[in-house]
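Work through the following exercises with the sequence and the coordinates open side by side. Each task is followed by a solution that goes step by step.

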Amino acid sequence: MIIIGAGMSGLIAGHYFRARRPMIVEQQGELPNNHEALLRFRSTEVSKTTGINFRKMRVRKSIMFKGAYADKANPFLANMYSFKVTGQVVGRSIWDMEDADRYIAPPDFISQAAAGLSILYGKNFDYREIASRTEIPLISTIPMPAMMRLVGWPNVPKFNYQSIWSAQLEFQSPGVDVAQTIYYPDLEVEYYRASISGKKMIIEFMTEPTGEDGLAKIIESICMDFGIPDPQFVGRPTFKSHRYGKIIGIDEDHRKDFMYHLTRDHNIYSLGRFATWRQILLDDVVNDCSVIGKMISAEDSRSLYNQRLHQARAS
């Protein structure tokens with residue numbers, strides 16, 4: 001088995017299919033030591049699959065609009081938030097404001113998950129190699145737009161998405177240890193969500209933040225919203241851009257037709273949010289691995305049956 005991409009979906013697949021001894025092919029020369037997203041899982045499935053211990057925490061959420069808090073969404077706030085982050089009025093996570101138990105990945109989740117897996121770094125996977133290995137199952141986490149171009153899929157639809165930016169900080173004070181999120185639907189506010197998990201804070205932006213002075217004021221304002229008037233941080237904020245930060249769905253039949261084509265003609269199984277081009281959680285990746293495993297096992301059985309049938313006819 002080959003897995004394209006050593007992102008979080010690829011690493012989860014590497015552990016799930018460990019018995020098949022997969023080779024993970026990764027374009028980057030190395031993986032970051034720390035993940036760049038706020039990883040709050042709804043279940044323990046990813047923890048069980050990777051063998052990495054997660055921390056259970058009670059997550060609490062609120063909405064801040066024009067200096068006032070709201071404990072639940074309404075159509076006005078929810079639709080404004082949706083338009084802010086996607087340019088469309090669709091359902092978003094802001095509707096789910098109930099307190100809930102979540103499972104928090106450790107800061108070095110990526111390095112822990114990569115340990116013990118066979119990863120080939122600095123390797124691009126092109127179509128010629130795909131075409132030459134149809135007998136070997138391949139799991140792809142390549143974004144669907146890129147994969148369509150790679151295999152020459154006709155009538156490539158328009159893929160709409162929004163790039164986002166994130167700033168990450170770590171509280172120095174041992175007194176900060178909560179799991180909380182504040183949503184900011186106001187269109188005049190450049191950030192749309194701020195979250196604290198333990199000692200880590202992530203601020204998410206729809207436009208790239210500019211200038212240290214401006215960012216310092218944003219951080220100060222957000223900390224006041226969290227009721228932390230004099231925060232002390234370890235070092236400076238770290239920034240990361242996310243090209244496919246918010247994806248907009250395409251025609252469902254077209255999406256499924258392409259995935260079926262990859263599996264039927266190339267023995268490629270799409271995995272993860274970008275490869276399947278749909279809004280899912282990392283918890284869902286484990287279930288998708290289960291589905292892919294059953295499909296591969298069924299294909300293995302058919303291949304073995306055909307091989308034995310051929311041998312019987314030859315004798």
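**Exercise 1. Identify the aromatic cluster around Tyr 161, then describe the pair that Tyr 161 forms with Tyr 244.**

Phe 159, Tyr 161, Tyr 244, Phe 274 and Trp 277 make up one aromatic cluster. Before going further, note that this is a predicted model, in which local features need pLDDT of at least 70 and side-chain atom pairs count only at pLDDT 80 or more, while totals for chains, interfaces and linings use all residues. Residues are numbered from 1 along each chain as its sequence is written, and side-chain values use heavy atoms, with hydrogens and water left out.

Step 1 is to set the criterion: rings of Phe, Tyr and Trp (its six-membered ring) pair if their centres lie within 6.5 Å, and planes under 30 degrees apart count as stacked, over 60 as edge-to-face and the rest as tilted. A search of the whole structure on this basis returns 15 aromatic pairs. Step 2 is to apply it to Tyr 161 and Tyr 244, whose ring centres are 4.7 Å apart and whose planes make an angle of 70 degrees, giving an edge-to-face pair.

Step 3 places the two residues in the chain, where helices (H or I, at least four residues) and strands (E, at least two) are DSSP runs numbered from the N terminus. Tyr 161 belongs to strand E9 (residues 161-170) and Tyr 244 to strand E13 (residues 238-247), so that the pair, by these DSSP assignments, links distant parts of the chain, 83 residues apart. Step 4 compares their exposure, with buried meaning under 20% relative accessible area, exposed over 50% and partly exposed in between (1.4 Å probe, protein chains only). Tyr 161 is partly exposed at 30%, whereas Tyr 244 is buried at 11%.

**Exercise 2. Which strands pair with E9, and in what sense?**

Step 1 is the rule that two strands pair if DSSP finds at least two bridges between them. Step 2 takes E13, which runs antiparallel to E9 and is joined to it by seven bridges; within E13, Ile 247 is the bridge partner of Tyr 161. Step 3 takes strand E12 (residues 200-205), which pairs with E9 over six bridges, again in the antiparallel sense, and here Trp 165 has Phe 205 of E12 as its bridge partner.

**Exercise 3. Locate the largest nonpolar core and state which helix gives the most to it.**

Step 1 defines a nonpolar core as a set of buried Ala, Val, Leu, Ile, Met, Phe, Trp, Tyr and Cys residues joined through side-chain atoms within 4.5 Å. Step 2 finds that the largest core has 32 residues, among which Leu 11, Phe 41, Phe 54, Phe 109, Ile 119 and Ile 139 touch the most other members. Step 3 turns to the helices: helix H1 (8-16), helix H4 (109-114) and helix H10 (282-314) each supply at least two residues, and H10 gives the most, with six. A second, separate core of 22 residues includes Val 189, Ala 194, Ile 219 and Ile 222.

Step 4 looks at H1 itself, which is mostly covered, with seven of its nine residues buried; the buried residues are Ser 9, Gly 10, Leu 11, Ile 12, Ala 13, Gly 14 and His 15.

**Exercise 4. Describe the surroundings of Arg 58.**

Step 1 assigns Arg 58 to strand E4 (residues 55-65), where Arg 58 is partly exposed with a relative accessible area of 38%. Step 2 lists its contacts (heavy atoms within 4.5 Å): leaving aside neighbours within four places in sequence, Arg 58 touches Asp 99, Ala 100, Asp 101 and Ala 179. Step 3 adds that the side chains of Arg 58 and Asp 101 are joined by a polar contact of 3.2 Å. Such a contact is a pair of N or O atoms within 3.5 Å; within protein, one must be able to donate a hydrogen and the other to accept it, and residues adjacent in sequence count only if both atoms are side-chain atoms. Step 4 notes that the C-alpha atoms of Arg 58 and Gln 180 are separated by 8.5 Å, although these residues lie 122 apart along the chain.

**Exercise 5. Where do Arg 21 and Asn 155 lie, and are they buried or exposed?**

Step 1 places Arg 21 in the loop between H1 and strand E2 (23-25); Arg 21 has a positive phi of about 50 degrees although it is not a glycine, and at 74% relative accessible area Arg 21 is exposed. Step 2 places Asn 155 in the loop between helix H6 (144-151) and E9; the phi of Asn 155 is near 55 degrees, and at 65% Asn 155 counts as exposed.
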